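The exercises below concern salt bridges and enclosed space in a predicted model. Please work through each task before reading its solution.

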Amino acid sequence: LYSPRPCCSSCLLSKPLFSFHSHHPFLEVIVCVINQVTVRMLSSLAYRSCRGLLTSSARAIRHNSTESATPRVLITGGLGQLGRSLASVLRKTYGSENVVLTDIKQAPEEVVAAGPYYYLDVLDESALQRTVVEQRITTLVHYSALLSVVGEQNIPLAMRVNIDSVHSCMKIAQEHNLRLFIPSTIGAFGPHCPRNPTPDLTVQRPRTIYGVSKVHMELLGEYFHESRGLDFRSLRFPGVLSADTAPGGGTTDYAVHMVIAAAKGRPFESNLGPTTRLPMMYLPDCVRATCEMLTAPAEKLRLRTYNVTAMSFTPEEFAAEIRKHKSDFKVKYNPQPTVQAIADSWPEVFDDSGARQDWGWDHEYNLPRLVEHMLDAAARYH
């Protein structure tokens with residue numbers, strides 16, 4: 001029943017898949033339709049197969065070229081506490097021209113002189129995408145955020161900055177195959193979590209818009225990593241302390257203000273009670289943890305979000321350590337209900353054993369060394 005002849009005079013197939021010897025025109029038309037539909041289906045399947053192979057090959061080539069070339073890093077919110085310090089460290093490794101700092105404020109002269117700096121509003125998704133494309137970015141570090149205390153004062157803005165901009169970053173990171181780092185926080189935990197210690201994986205349920213937005217970010221990043229292959233990475237930081245950069249409106253900022261007051265020989269009034277224990281770390285340790293997480297081999301990352309910390313202390317213990325250097329330093333405790341309620345819902349001690357085991361995290365600054373360095377920095381910068 002098979003023949004190499006066309007199935008009918010109007011058919012474009014010179015060698016049909018099926019041929020039926022019949023002088024009945026209706027049957028010939030049916031065979032013609034079957035041939036054409038079958039060939040189109042096979043052609044479509046072949047096209048999709050080839051397209052899949054080409055797409056996979058393109059992704060592999062792009063991934064390999066990204067891994068082999070010098071990373072180009074874009075930092076949003078770059079004029080904050082973390083951005084400038086991270087940029088300084090990364091520029092020593094990758095070169096000044098390969099680390100792009102951005103923010104919505106006018107940068108000091110020393111920032112502009114240190115390397116590329118651009119105005120960038122993270123709420124403008126098209127501007128963010130344009131910057132990524134024009135600057136040939138391979139790694140995006142998204143620091144822009146409203147912290148716990150400031151966020152509670154302007155919840156609509158906090159939702160836009162802390163949630164909408166994260167959506168934009170994840171979308172753009174997927175489109176351009178970027179490595180994406182967004183920090184999380186002790187504020188991602190709430191009063192129902194185990195507080196001493198608080199592990200990587202546990203119930204969270206925070207009670208601030210800052211914490212809620214960070215849990216949203218963590219889960220969304222993990223989802224896109226699992227479902228779309230996004231190279232998402234995050235660290236939950238404790239209170240990050242530094243006396244040479246301005247604090248950003250967080251609950252743990254009391255420690256920075258306490259050191260500055262001591263360095264100036266002034267008494268200090270704490271907005272937290274004397275026994276309020278919170279996890280902390282010094283800024284250089286925070287930056288180093290970020291660099292180590294950014295460069296950790298993917299196969300070592302059992303999680304996509306890890307706790308990291310260095311120490312835990314209370315305002316009373318911190319003041320006692322300061323008095324080893326400033327014996328006449330005086331502190332008055334006047335807990336502010338809103339700030340105290342936030343602190344009381346957060347972890348007292350962070351369990352960061354996962355980071356220490358999986359990719360070798362270890363802090364360098366303990367409480368005595370922290371206070372010594374912060375007092376020295378406060379004397380120089382304030």
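**Exercise 1.** Does arginine 288 count as buried, partly exposed or exposed, and at what relative accessibility?

*Solution.* Buried requires under 20% relative accessible area and exposed over 50%. Arginine 288 has a relative accessibility of 22%, so this residue counts as partly exposed. The next step is to find its partner: the side chain of arginine 288 meets that of glutamate 364 in a salt bridge, at 3.6 Å from N to O. Arginine 288 belongs to helix H9, whereas glutamate 364 sits in the loop between helix H12 and helix H13, and the two are 76 residues apart. Glutamate 364 is also partly exposed, with a relative accessible area of 46%.

**Exercise 2.** Determine which parts of the chain are tied together by the salt bridge of aspartate 231 and arginine 304.

*Solution.* The side chains of these two residues meet at 3.0 Å, N to O. Aspartate 231 lies in strand S7 and arginine 304 in the loop between H9 and strand S11, so the pair ties together parts that are 73 residues apart in sequence. Both aspartate 231 and arginine 304 are buried, and a network of salt bridges links them with Arg179 and Arg233.

**Exercise 3.** Describe the largest cavity and the helices that contribute to its lining.

*Solution.* Searching the whole structure gives one cavity of 30 Å³ or more, and the largest cavity holds about 50 Å³ of space. Helices H6 and H7 each supply at least two lining residues, with H6 giving the most, namely four. By class, the lining comprises five nonpolar, five polar and one charged residues.

Methods. Residues numbered from 1 in each chain as written. Predicted model: local features only at pLDDT ≥ 70, side-chain atom pairs only at ≥ 80, totals over all residues. Heavy atoms only, no water. 1 Å grid on protein atoms, 1.4 Å probe; cavity = no way out; pocket = protein on both sides within 12 Å on 5 of 7 lines; lining within 4 Å. Points joined across faces, edges and corners; volume = space filled by probe spheres on them. Nonpolar A, V, L, I, M, F, W, Y, C, P; charged D, E, K, R; others polar. Salt bridge = Lys/Arg side-chain N within 4 Å of Asp/Glu carboxyl O. Buried < 20%, exposed > 50% of the residue type's maximum accessible area, 1.4 Å probe, protein only.
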